[in-house]
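The following exercises are to be worked through with the sequence and the structure at hand. Each task is followed by a solution in steps.

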Amino acid sequence: MMLRTASGAPRVGRLQRLAGRWWRRQPPARQDRLVTLAPLASVLLFLAAIIAAFWYLRNEEFERETESVKRDVEVVQQQLGLRLIHNQEQLVRIAGELAAAPDTAPDASLEASRFLPLAAAFTRERPEVTHLAWYDSQRRRVAIHWTAPYLGTADAGAADSRASAPSDGSAGEPELGFLAARTRLQPVYTRAFERPSGQPVFQLQLPLVRGAGFAGTLVAEYAIDALVRHELPEDVVARHRISVLDGAGRVLAGTVTPMPGQDPRPAAITHDLPLVPAANGLVLRGQGYRTSIGLIGSTLFWMVAALSVLTLWMLLGSWRHMRRRAQIQNALVEETNFRRAMENSMPTGMRALDLEGRITYVNAAFCNLVGFGEAELVGRLPPFPYWPPDRIEENRRLLHQELLGRSPPGGIEVRLMRKDGSMFDARMYISPLIDARGQQAGWMTSVTNITEAKRIRDQLSASHERFTTVLEGLDASVSVLSVQLGELLFANRSYRLWFGNDARGHALMAGGAAAGAAAAEDGRDEGDDVDNLSGLPAQDLTDSGVDPREVWIEPLQKWFDVRARYVQWTDGRLAQMLIATDITARVRAEELAAAQAEKVQVTSRLMTMGEMASSVAHELNQPLTAISNYCHGMISRLRAGSIREPDLIAALEKTARQAQRAGQVIHRIRAFVKRSEPQRLEVRPGKIVEDAVELAGIELRRRNVGIHVYVAQRLPRLNADPILIEQVLLNLLRNAAEAIDGARLPPARRHIELRVVPRHLGEEGGVIEFSVTDSGPGLDEEVGRRLYEAFFSTKPDGLGVGLGLCRTIVESHRGRMRAENLYNGAQVTGCRFTFTLPVEPAQRRAPTAGHGASDAGAPTTLTAASPE
C-alpha cells in the first residue's frame with residue numbers, strides 16, 4: 001500500500017526510517033518470531049475478513065426480510081380494516097332502514113320480506129359473510145339470510161347462534177355481543193368462536209334503535225378463513241405466511257395449511273398486529289423465512305478455509321525450525337544472564353584471588369560494600385585499598401592464612417574501610433576455587449556486612465545484662481521451670497537464697513507437693529509431674545492469664561504471693577514462670593487488722609445496746625410488771641378463797657407467757673452482743689431482716705415510730721456473716737428512728753420503710769439490695785460529704801464510728817453502700833440508705849423457697865403500740 005500525505009515522499013521516508021530503527025532495536029529472537037508470525041497473522045486476518053463479510057451480508061439480508069414482513073403485515077391490516085369498515089357502514093344503513101319501520105307489523109313474513117332482499121344484496125359480493133340475521137329486543141330471531149356456500153351445512157341447520165354457547169350454561173360470545181350492543185347502543189365485534197362445524201367465526205352486532213329505545217340487533221357473521229382467503233393480496237400471500245390468531249395464541253386461519261401430523265417449521269421472522277377495527281383480540285401474524293444458506297454451507301468459505309489451513313501448516317513447519325534454533329541461542333543467553341543476575345542481585349560480596357593473592361574478580365555487591373569500582377580492584381596485589389591503614393599487618397597475616405588454606409570454617413571477622421574513609425565490620429568465608437579441569441585456580445571469598453548485626457547483638461547483650469541485673473536485684477523470687485523435663489531453667493538471687501538451685505522449691509510454690517507424692521507412689525520421678533498441662537498446645541497456655549495465689553511454705557515459715565503463667569522459652573520449649581513475693585508481714589498485719597476490726601464490731605454492738613438500755617429496760621419492765629400484777633392478784637384471791645382452779649391455771653399460763661417474753665428479749669440481746677468468731681454462712685435474707693427488725697422494734701416502739709417491711713419472693717441465699725449484716729440493719733434503723741424523733745414529725749409521717757429486693761448491676765452481676773427509707777429531715781450537703789468519715793457525728797453524744805463501721809462491713813462482703821435524700825419538688829421529704837450484697841452464681845440459680853412470711857413477698861408492718 002502506498003502512503004500519500006500532504007508532505008509527500010519525505011513523510012514516507014521518515015516512517016520507513018522509524019520502522020527500520022525499531023526493527024534493529026529488537027533482539028534476534030524476537031525478529032525471528034516476528035518473521036515467522038507475520039504470514040500467519042496475514043492468513044488469519046484474511047480469514048476473519050471473509051467471515052465478517054459473510055456475516056454482514058447475511059445480517060443485511062435478514063434485516064431486509066424483516067422489513068418486508070412488517071410491511072406486508074401492515075398492508076394486510078390496512079386492507080382488512082378497510083373491508084370491515086366498509087361492511088360496517090353498509091350494515092349501519094341496513095339497520096337504519098329496519099329501525100325506521102313501525103313497531104307493529106302485520107306478521108313475521110312481511111318483516112322477512114323487507115329484510116331478505118337487503119341481506120341478499122349485501123352478501124352477494126361478500127363471500128366472507130356466512131349469514132345476516134335480524135333479532136328483536138328479546139333476542140328472538142326475526143329473519144336470517146344464509147349465503148350460498150353455507151346453505152345446507154350444519155351451521156345453517158342449527159336453530160340460531162345460541163349453538164355457540166358453552167356447555168356449562170354460561171353465555172356464549174353471540175349473547176355477550178348482544179348484551180354489549182344493547183347496553184352501549186354501539187356496533188360490537190364479538191370475540192372469535194367456533195360453529196358446530198368447527199369453523200372459526202366472529203360477529204358484528206349493530207343495535208336497532210327506534211326512537212329512544214332498543215329494538216333489536218342486526219348480526220353479520222364473518223368466516224375468518226374466508227376473510228383471509230378472499231381479502232389478502234396475492235403478492236403478500238406469495239411472499240409470506242399470514243395467519244390470524246385468537247387471544248390465546250391459537251391459529252384460526254392462515255394462508256398456509258400445515259400437513260396433518262407434521263409441525264410447521266418455525267419461522268425466523270415474526271411480526272404481529274391487531275385486527276382493526278374489530279379490536280376483539282384477533283391478531284394478524286406475518287412470518288418470514290431465511291432464503292440464504294448458512295455461513296458454514298458456503299463453498300467459498302470452505303475454499304478459503306482450506307487455503308488457510310495449508311498456509312498454516314507450511315508456516316508451522318518453518319516456525320518449528322526457527323524455534324529450535326532460537327531455543328539454543330536463548331539457552332546460552334539465559335545462562336549468561338542468570339549468572340550475571342545472580343552475582344549482581346545477592347547482597348553478599350564475592351571476591352576471587354589467584355594463588356598469588358591478586359584480585360581476579362569482584363561482583364557488584366563487593367564494589368558497593370567497599371565503594372571502589374571493579375576497574376580499581378581487579379589486578380591489585382596486597383595491600384588492598386579497602387584495608388584500614390592501622391590494620392595492614394593484621395590483614396596481611398589473615399591473607400597469608402587464607403592463601404595457605406588455614407582459614408577457619410566459621411569465617412573470620414575483619415574491619416574494612418570504604419573509599420570515603422568510613423569503617424564497617426565484615427565477616428569473610430573462604431573456599432578454594434576449582435577450574436573445569438578440577439585443579440585449584442585460587443580462592444573465592446564471600447564478604448558480608450555485619451555492622452548492624454553486631455550492633456544489635458551488642459545491644460541485646462547489654463539489654464540481657466541489665467535485665468538480669470534487675471531480676472537479681474528483686475526481692476521477689478523469679479523461677480522458670482521446663483514443663484516437659486522438670487528442669488530449672490532460670491532462678492534469680494531471691495529464689496537461690498530461699499531454695500538454692502533445687503527445682504523442688506518451684507514445685508512447692510506451684511502446688512506440686514501433692515503431685516510429687518503421687519509420682520513417688522507410682523515409682524516415677526517427682527520432676528516429671530510438676531505440671532499436668534504439658535500435653536496441651538503451647539499457644540493456648542501462653543495466651544492464658546496470670547493465676548495469683550497465696551501459698552504457705554512450711555520449711556521457711558513464710559507466706560508467698562505466687563503468680564504463675566506459661567511461657568515459651570528461647571528454644572521453643574514450654575515453661576512455667578513463677579514470681580513469688582514474701583507477704584508474711586502483710587498477712588500478719590491483715591490478721592491483726594481483722595482482729596482489731598472484730599473488736600471494733602463487738603464494741604459497736606455493746607455501745608448500741610448501751611444506747612438502747614432505757615428502751616430495753618422499758619421493754620423488760622412491761623412483762624415483769626404484768627408478772628407482778630398476776631402474782632399479787634392470785635395471792636389476794638387465794639387468801640380470799642375466791643379463785644377456782646381453771647382461773648388459777650389461766651393466770652399462771654399468762655404469767656408464764658410474760659416470763660417467756662422477757663426471756664426472749666434477754667436472749668436476743670445476749671446473742672447480738674456476745675463475742676464470736678466472724679463466720680460466713682449461707683443465710684436467708686428474710687431471717688436477717690426478721691432478727692434485725694425484732695431487735696430494732698424495742699427502740700422504734702419507745703420512739704413511737706412504725707416500720708413497713710417488704711421482702712421480695714424467692715430471694716437466693718447470701719454467703720454472709722448474719723450478725724454483721726444484722727448490725728448494719730440495726731444501725732440504719734436506729735438512725736432513721738432518731739432522725740424522725742428528732743424532727744418531731746406528726747404520727748402520720750413517723751414511719752420507716754425497709755425493702756429487700758434483687759437487682760442486676762451490669763458487670764457486678766446479681767445482688768440483693770437492702771434499703772432503709774425514713775421521712776425525716778434528710779442529710780445536709782456537708783453531712784453527706786463527711787458521712788463515712790471516722791469520728792464524725794451529728795449527735796451530741798455520738799462517737800462517729802457507726803456508719804463508717806457499717807460501710808466497712810458491707811465492703812468486706814464485696815458490697816456497696818450509698819445514701820441519698822428524697823425530694824418532693826425542691827423540698828426534702830426523707831432520706832434513704834441503701835447497701836447491696838453480691839449473690840454467688842451458684843446461689844443465683846438456686847433461690848430459696850418456703851422460707852416463711854418474710855420471704856413470701858408479703859409486706860409486714862410493725863406499729864409503735866406497746867404490748868400489754
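**Exercise 1. A helix and its length**

Task: Compare the expected span of helix H21 (residues 722-742) with the distance between its end C-alpha atoms, and decide whether the helix is largely enclosed.

Solution. The model is a predicted one.
- Step 1: Helix H21 has 21 residues, and at 1.5 Å a residue it should span 30 Å. The expected span is 1.5 Å times one less than the number of residues.
- Step 2: The end C-alpha atoms of H21 are 30 Å apart, which agrees with the expected span.
- Step 3: Of the 21 residues of H21, 16 are buried, so the helix is largely enclosed by the rest of the structure.
- Step 4: After H21 comes Arg744, which has a positive phi, near 50°.

**Exercise 2. Aromatic pairs**

Task: Classify the pair Phe178 and Phe214 by the angle between the ring planes, then do likewise for Tyr495 and Phe499.

Solution.
- Step 1: In total, the structure holds 11 aromatic pairs.
- Step 2: The ring centres of Phe178 and Phe214 are 5.7 Å apart, and their planes make 70°. Planes over 60 degrees apart count as edge-to-face, and the pair of Phe178 and Phe214 is accordingly edge-to-face.
- Step 3: Phe178 belongs to helix H5 (residues 173-184) and Phe214 to strand S6 (residues 213-223), so this pair ties together parts that are 36 residues apart in sequence. Phe178 and Phe214 are both buried.
- Step 4: For Tyr495 and Phe499 the centre-to-centre distance is 5.1 Å and the angle between the planes is 40°, a tilted pair.
- Step 5: Tyr495 and Phe499 are 4 residues apart in helix H13 (residues 493-499), which means that about one helical turn separates them. Tyr495 and Phe499 are buried.

**Exercise 3. Further contacts of rings**

Task: State which residues form one aromatic cluster, and where Arg139 lies with respect to Tyr135.

Solution.
- Step 1: The cluster consists of Phe366, Phe384, Tyr386 and Trp387.
- Step 2: Arg139 lies over the face of Tyr135, at 5.7 Å from the ring centre.

**Exercise 4. An open sheet**

Task: Trace the order of the strands in the open sheet of 5 strands, and describe two of its hairpins.

Solution.
- Step 1: The strand order is S12-S11-S15-S14-S13, with antiparallel pairing. At the edges are strand S12 (359-362) and S13, each of which pairs on one side only. From one strand to the next, the twist averages 35°.
- Step 2: Strand S13 (residues 412-417) and strand S14 (residues 423-434) run antiparallel and are joined by 6 bridges. Glu413 has Arg427 in S14 as its bridge partner. Their hairpin has 5 residues between the strands, and Gly421 takes a positive phi near 95° there.
- Step 3: S14 also pairs with strand S15 (residues 440-449) in the antiparallel sense, over 9 bridges. Ile430 is bridged to Thr445 in S15, and Met428 to Val447 in S15. The hairpin of S14 and S15 has 5 residues between the strands, with Gly438 at a positive phi near 85°.
- Step 4: Helix H11 (residues 392-403) packs on the sheet, where it touches strand S11 (349-354), S13, S14 and S15; the direction of H11 makes about 70° with that of S11.
- Step 5: Helix H12 (residues 451-473) packs on the sheet as well, touching S13, S14 and S15, and its direction makes about 120° with that of S14.

How values were computed:
Residues numbered from 1 in each chain as written. Predicted model: local features only at pLDDT ≥ 70, side-chain atom pairs only at ≥ 80, totals over all residues. Heavy atoms only, no water. Phe/Tyr/Trp six-rings, centres within 6.5 Å; stacked < 30°, edge-to-face > 60°. Buried < 20%, exposed > 50% of the residue type's maximum accessible area, 1.4 Å probe, protein only. Lys NZ or Arg CZ within 6 Å of the ring centre and 35° of its normal. Pairing = 2+ DSSP bridges. Axes fitted to C-alpha atoms, helices over the stretch in contact; angles between N-to-C directions. Contact = heavy atoms within 4.5 Å.
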